[in-house]
There are 2 protein chains.
Amino acid sequence: MNRITSLFNIKYPIIQGGMAWCSGWRLASAVSNNGCLGLLGAGSMTPDLLRQHIQKCKAATDKPFGVNVPLMYPQIDEIMNIIVEEGVKIVFTSAGNPKTWTDWLHQHDITVVHVVSSSNFAMKCDVAGVDAIVAEGFEAGGHNGRDETTTLCLIPSVRASTTLPLIAAGGIGTGQSMMAAMILGAEGVQIGTRFALTVESSASSVFKDYCLRLNEGDTKLLLKKLSPTRLATNPFKKIIEEAEARGATAAELLELIGKGRARKGILEGDLENGELEIGQITALFRQQQTVAEVIKDIVEDFKRVSKLNFELE
Amino acid sequence: MNRITSLFNIKYPIIQGGMAWCSGWRLASAVSNNGCLGLLGAGSMTPDLLRQHIQKCKAATDKPFGVNVPLMYPQIDEIMNIIVEEGVKIVFTSAGNPKTWTDWLHQHDITVVHVVSSSNFAMKCDVAGVDAIVAEGFEAGGHNGRDETTTLCLIPSVRASTTLPLIAAGGIGTGQSMMAAMILGAEGVQIGTRFALTVESSASSVFKDYCLRLNEGDTKLLLKKLSPTRLATNPFKKIIEEAEARGATAAELLELIGKGRARKGILEGDLENGELEIGQITALFRQQQTVAEVIKDIVEDFKRVSKLNFELE
């Protein structure tokens, strides 16, 4: 038991990232039913669809679960009202200012966690009064910070900058990396990539199978002139890389991307034209597992490495 | 005691990176005298100067030390002959094919370690018959791999790809990060940045003081069209960043860089025009220490975190 398991009333301090096109009620409820915290990813849902997923998630688990809300979501007022109406008690916010919604959510008795990529943002969370933070490193999939600080460097810095309960993210998907994160000062971990590739993830099986064959170096942080995003190798990524190499402007990149690229890649499994968002750690995973298998693996590995004894003279 | 301490006959499995303009005889001998492995950085020395540093290092310590040799060094035959003539027994090679020199060095009874940035290169080291490898992640300072794999993701992958003794590098400078690396599968660590900033480092005190004030996000991996290099924020870096943003070619970048930039920045302390090579982890360090203080800190922190108990239910 630590501050993270207490805060969410969960057995293991493991949070499943609320990922666009992956994190629906099937994934979130399976994670919560296995002693960890499942999150719905509101970023890729209309307000109506989010309400349906919340209702299905409540029907599928009596354990705590939450919703991840990117703060630049266009109909954010509607989303937040649905969360309150449906009685969700945990919200993870990201990609925006934690000041905007924290007080309002607290007034509705909701626990607020904000995702950051630097100590500077962590200190803003402290001022905003959030209940915990996720510090996410450069190796994470999808949207990412501008500083490019890796999890190994980020966690000790953030730990030194705030006393808030701290969840590490980026490059974590095993019991070993979870233990490494705890040694560095985290009290819990948020895992995206490994859960995105489970049976219960709503991503296309074409996308999952493709990611399960990726190797080291097959993802790259691109689109830095817009919003830095880690993408897996495919023809779409190649087009972006070539455009950036010749100095394409933000406007040119926006036009190249167009609309609905991530949906195409992750949900529809269009490996040619879709945007494939996945973390570096994908290279470690070769077979599809259920959520229960993933959590069992992580917990067993964590317990095993916690018994290792590295004696110095 | 493990395979790394046995291989080098040292007390702690900590290696000081052989860094250009930082790693002379003062730094290497101090590290070796404190129970770790010091390395001279041949990359920034003429053959004659390297011979002087080896001789001074032998006079300053009776403990094992080694030389780091970048394999693209122009007069490499001369360098290697000096190493043999002077009786150095440990060579770390980097930036080249481990096949080229490993057998010859072994014939002269020299232990060979090669630095890699991916599992693919690690497997080539296995075939080449090196005695150990250093796997260095994206967060490391100076020259870096093309895959941008962070230490947290790299170490487990490399560990799975070879049974060679494995030293982790990149983002490591504390007992906590050393323990994290061991949990991930490493048997030792190579530390660059923190040693580059010690009293005994031959870098300019202007450079050291500047690095000791850097924050998260103040280094960036640039020059990817040439050889990816992590640089600290300064007017020279800004020129490179702007050139890259507008799509500058490799030839244009080469011309912008000119000659002697790293010497200017690191050895001469020219913060305006010099190339300042340092790792991300620099943001964690705020005061100059001696080598003895650094090693004492790391060992104490390592021992302290090894006693922590992270119990899962």
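In the predicted model, helix H6 (119–128) of chain A and H7(A) approach each other with their axes within 9 Å and cross at roughly 35°. The crossing in which H6(A) passes H7(A) is right-handed. On the H6(A) side, the contact involves Ser119(A), Ala122(A) and Met123(A), which meet Ser157(A), Val158(A) and Ser161(A) of H7(A). The residues of this contact comprise 3 nonpolar and 3 polar residues, with no charged residue.

Helix H7 (151–161) of chain A is largely enclosed by the rest of the structure, because 10 of its 11 residues are buried. The buried set runs through Thr151(A), Leu152(A), Cys153(A), Leu154(A), Ile155(A), Pro156(A), Ser157(A), Val158(A) and Arg159(A), and it also includes Ser161(A). Ser157(A), Val158(A) and Ser161(A) thus appear both among the buried residues of H7(A) and in the contact with H6(A). The cover over the buried residues of H7(A) is drawn from both chains. From chain A it includes H6, strand S6 (132–136), strand S8 (166–169) and H8, while chain B provides H7 and helix H8 (175–183).

H7(A) also takes part in the association of the two chains, in which 43 residues of chain A are in contact with 43 residues of chain B. On the side of chain A that touches chain B, two or more residues are given by each of H7(A), helix H8 (175–183) and helix H14 (291–306). Of these elements, H8(A) gives the most, with 6 residues. By class, this side of chain A has 19 nonpolar, 15 polar and 9 charged residues.

Strand S9 (residues 188–191) of chain A is buried on both of its faces. Gly188(A) and Gln190(A) point one way from the strand, whereas Val189(A) and Ile191(A) point the other way. S9(A) pairs in the parallel sense with strand S1 (residues 14–16) of chain A, over 3 bridges. Within this pairing, Ile14(A) has Val189(A) as its bridge partner. S9(A) is also joined to S8(A) by 3 bridges, and these two strands run parallel. Here Ile167(A) stands opposite Gly188(A). The residues Val189(A) and Gly188(A), which take part in these two pairings, are buried and point opposite ways from S9(A).

In chain B, 8 strands form an open sheet with parallel pairing, in the order S1-S9-S8-S6-S5-S4-S3-S2. Its edges are strand S1 (14–16) and strand S2 (38–41), each of which pairs on one side only. Neighbouring strands of the sheet are turned against each other by 25° on average, direction ignored. At the S1(B) edge, 3 bridges join this strand to strand S9 (residues 188–191) of chain B, and the two run parallel. Ile15(B) stands opposite Gln190(B) of S9(B). Helix H7 (residues 151–161) of chain B packs on the sheet, where it touches strand S6 (132–136) and strand S8 (166–169) of chain B. The direction of H7(B) makes about 170° with that of S8(B). H7(B) is also among the elements that cover the buried residues of H7(A).

Two further helix pairs were examined in chain B. Helix H2 (residues 25–33) and helix H3 (residues 47–60) of chain B pack at an angle of about 30°, with their axes 9 Å apart. These two helices are therefore roughly parallel to each other, and H2(B) passes H3(B) in a right-handed crossing. From H2(B), Trp25(B), Ala28(B) and Ser29(B) meet His53(B), Lys56(B), Cys57(B) and Ala60(B) of H3(B). This contact is made up of 4 nonpolar, 2 polar and 1 charged residues.

The second pair consists of helix H11 (residues 235–245) and helix H12 (residues 250–257) of chain B, which pack at an angle of about 165° with their axes 11 Å apart. H11(B) and H12(B) are therefore roughly antiparallel to each other, and their crossing is right-handed. Ile239(B), Ile240(B) and Ala243(B) in H11(B) meet Glu252(B), Leu253(B) and Leu256(B) in H12(B). The contact contains 5 nonpolar residues, no polar residue and 1 charged residue.

Methods: Residues numbered from 1 in each chain as written. Chains lettered and ligands numbered in written order. Predicted model: local features only at pLDDT ≥ 70, side-chain atom pairs only at ≥ 80, totals over all residues. Axes fitted to C-alpha atoms, helices over the stretch in contact; angles between N-to-C directions. Helix = DSSP H or I, 4+ residues; strand = E, 2+ residues; numbered from the N terminus. Parallel < 35°, antiparallel > 145°, perpendicular 65-115°, else oblique. Left-handed = near helix turned anticlockwise from the far one by under 90°. Contact = placed C-beta atoms within 7 Å. Nonpolar A, V, L, I, M, F, W, Y, C, P; charged D, E, K, R; others polar. Pairing = 2+ DSSP bridges. Buried ≥ 20, exposed ≤ 12 C-beta atoms within 10 Å, placed from the backbone.
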